[in-house]
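Work through the exercises below with the model open. Try each task before reading its solution.

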Amino acid sequence: MSYKLTIWQNNEKEIIEVDKGKYLLKVLFDHGYEINSYCGGQGICGKCKIKLIKGEDNITLEEQELLDKQELADGIRLACLTEINSDMEVKVKKSDDIEILTTGLVTETALNPEYKKELVTIDQPSLEDQRDFTSRIFSKLSLDDTLYDGLLDFNQLDKKSDITVTSCNKKIIRMEAGDTTDKLYGIAIDIGTTTVVLYLMDLNTGEEVDVYSLYNPQKKYGADVISRINYSVQNEDGVKNLKSDLIDGINNAIEEMTKDNEIDRADIMMVTVVGNTIMMHTLLGLETASIARTPYVPLVTSELKISPLELGIKINDRGSIHILPSVSGYVGADIIGDM
């Protein structure tokens with residue numbers, strides 16, 4: 001049996017069919033609604049307040065303890081304790097906004113990016129010099145290998161004109177027509193339990209181009225790491241949901257930064273990520289239950305280098321995602337980054 005659920009948020013209405021007995025908080029999460037839930041739906045924080053406009057009204061003992069008499073009289077209920085057993089109409093307030101710190105101390109360091117862009121003029125072949133075109137680039141730029149995709153780029157290029165070669169560790173990653181050497185970017189991401197901050201960096205100069213901040217999208221599953229661990233353990237798709245929501249939030253931020261700065265995501269070759277050990281695990285789609293119980297052991301603490309395609313972060317597909325190392329379950333990559 002299913003019921004009709006009408007949801008109002010920001011003067012917009014959505015009507016959905018919901019199976020009998022489902023709890024409202026999970027339904028809201030599944031349909032992309034933002035709502036405060038600091039305890040991750042455990043019924044103890046009293047933050048996931050909604051206004052019940054119409055529907056079966058069974059006030060729980062927990063709601064009587066967490067909500068005052070006026071709230072109850074006004075139809076305020078807790079989404080995590082509201083079971084759908086009739087057609088229902090509710091009003092949902094959007095999560096509270098907070099101020100996110102995006103500035104700090106800047107320390108000058110030597111610039112030595114893993115990825116480089118260089119302009120090259122290919123020496124033209126002759127009967128006396130019949131080396132292949134790739135070998136000619138290798139000799140010009142002191143390179144010795146190429147990705148297959150980098151080689152395929154040659155199909156679209158005029159071999160008699162200047163080309164820009166993107167390389168990494170002496171390997172050709174990408175080839176483009178003309179001079180695009182000034183378009184080479186990386187992103188540093190700080191994943192906090194509450195907020196996520198992205199810094200768009202010019203890898204040629206080391207300068208910060210832009211900063212973008214957002215709530216950690218996982219906050220709807222709990223305000224603290226223990227609540228999120230509990231969510232991942234108690235829900236079949238918990239680990240998957242924590243990862244996909246975080247990746248989606250990061251990709252939306254990257255899209256906004258590329259639009260605002262009129263750059264192509266294909267020119268973003270590198271992402272470096274820090275965060276506490278649990279945030280790193282949720283980003284990678286790894287279970288975190290072992291960190292929450294003695295002896296508090298993570299699945300991994302080593303530095304990782306991952307393909308953007310594998311992780312799902314939308315930068316240049318041939319670029320790389322660097323996960324900084326952690327030390328233990330509660331000394332994470334954010335501390336290493338600070339050091």
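**Exercise 1: a helix pair**

In H6, Arg228, Tyr231 and Ser232 meet Gly238, Val239, Asn241 and Leu242 of H7. The model is predicted. Task: classify the contact of H6 with H7 by residue class, then describe how H6 and H7 are oriented to each other.

Solution.
- Step 1. Sort the contact residues: 3 are nonpolar, 3 polar and 1 charged.
- Step 2. Take the geometry. H6 spans residues 225-234 and H7 residues 238-260; they pack at about 125°, with axes 6 Å apart.
- Step 3. Apply the cut-offs: over 145 degrees counts as roughly antiparallel, and 65 to 115 as roughly perpendicular. H6 and H7 are therefore oblique to each other.

**Exercise 2: the cores**

Task: find which residues touch the most other members of the largest nonpolar core, and which element gives the most to this core.

Solution.
- Step 1. The core has 34 residues, and Ile191 and Leu198 touch the most other members.
- Step 2. List the elements that give two or more residues: strands S10 (185-191), S11 (195-202), S13 (268-275) and S15 (320-323), along with H6, H7 and helix H8 (277-284).
- Step 3. H7 gives the most, with 6 residues.
- Step 4. Look around Leu198. Beyond four places in sequence, its contacts include Ile187, Ile189, Val211, Tyr212, Leu214, Ile250, Ile254 and Met257.
- Step 5. Keep the second core apart. This separate set of 29 residues includes Leu25, Ile35, Cys80 and Tyr231.

**Exercise 3: one strand residue**

Task: decide whether Val92 is buried or exposed, and name what Val92 touches.

Solution.
- Step 1. Place Val92 in strand S5, residues 88-92.
- Step 2. Its relative accessible area is 3%, so Val92 is buried.
- Step 3. Leaving out residues up to four places away in sequence, Val92 touches Ile7, Trp8, Gln9, Leu28, Glu34, Ile35 and Ile50.

**Exercise 4: aromatic pairs**

Task: of the 4 aromatic pairs in the structure, work through two.

Solution.
- Step 1. Phe133 and Phe154 have ring centres 6.2 Å apart and planes at 65°, so this pair is edge-to-face.
- Step 2. Phe133 is in helix H4 and Phe154 in the loop between H5 and S8, so the pair ties together parts 21 residues apart in sequence.
- Step 3. Check accessibility. Phe133 is partly exposed at 28%, whereas Phe154 is buried at 8%.
- Step 4. Tyr296 and Tyr330 have ring centres 6.3 Å apart and planes at 75°, so this pair is edge-to-face.
- Step 5. Tyr296 is partly exposed at 43%, and Tyr330 is partly exposed at 46%.
- Step 6. Finish with the cluster: ring pairs link Phe29, Tyr221 and Tyr231.

Technical notes:
Residues numbered from 1 in each chain as written. Predicted model: local features only at pLDDT ≥ 70, side-chain atom pairs only at ≥ 80, totals over all residues. Heavy atoms only, no water. Axes fitted to C-alpha atoms, helices over the stretch in contact; angles between N-to-C directions. Helix = DSSP H or I, 4+ residues; strand = E, 2+ residues; numbered from the N terminus. Parallel < 35°, antiparallel > 145°, perpendicular 65-115°, else oblique. Contact = heavy atoms within 4.5 Å. Nonpolar A, V, L, I, M, F, W, Y, C, P; charged D, E, K, R; others polar. Core = buried A, V, L, I, M, F, W, Y, C linked by side-chain atoms within 4.5 Å. Buried < 20%, exposed > 50% of the residue type's maximum accessible area, 1.4 Å probe, protein only. Phe/Tyr/Trp six-rings, centres within 6.5 Å; stacked < 30°, edge-to-face > 60°.
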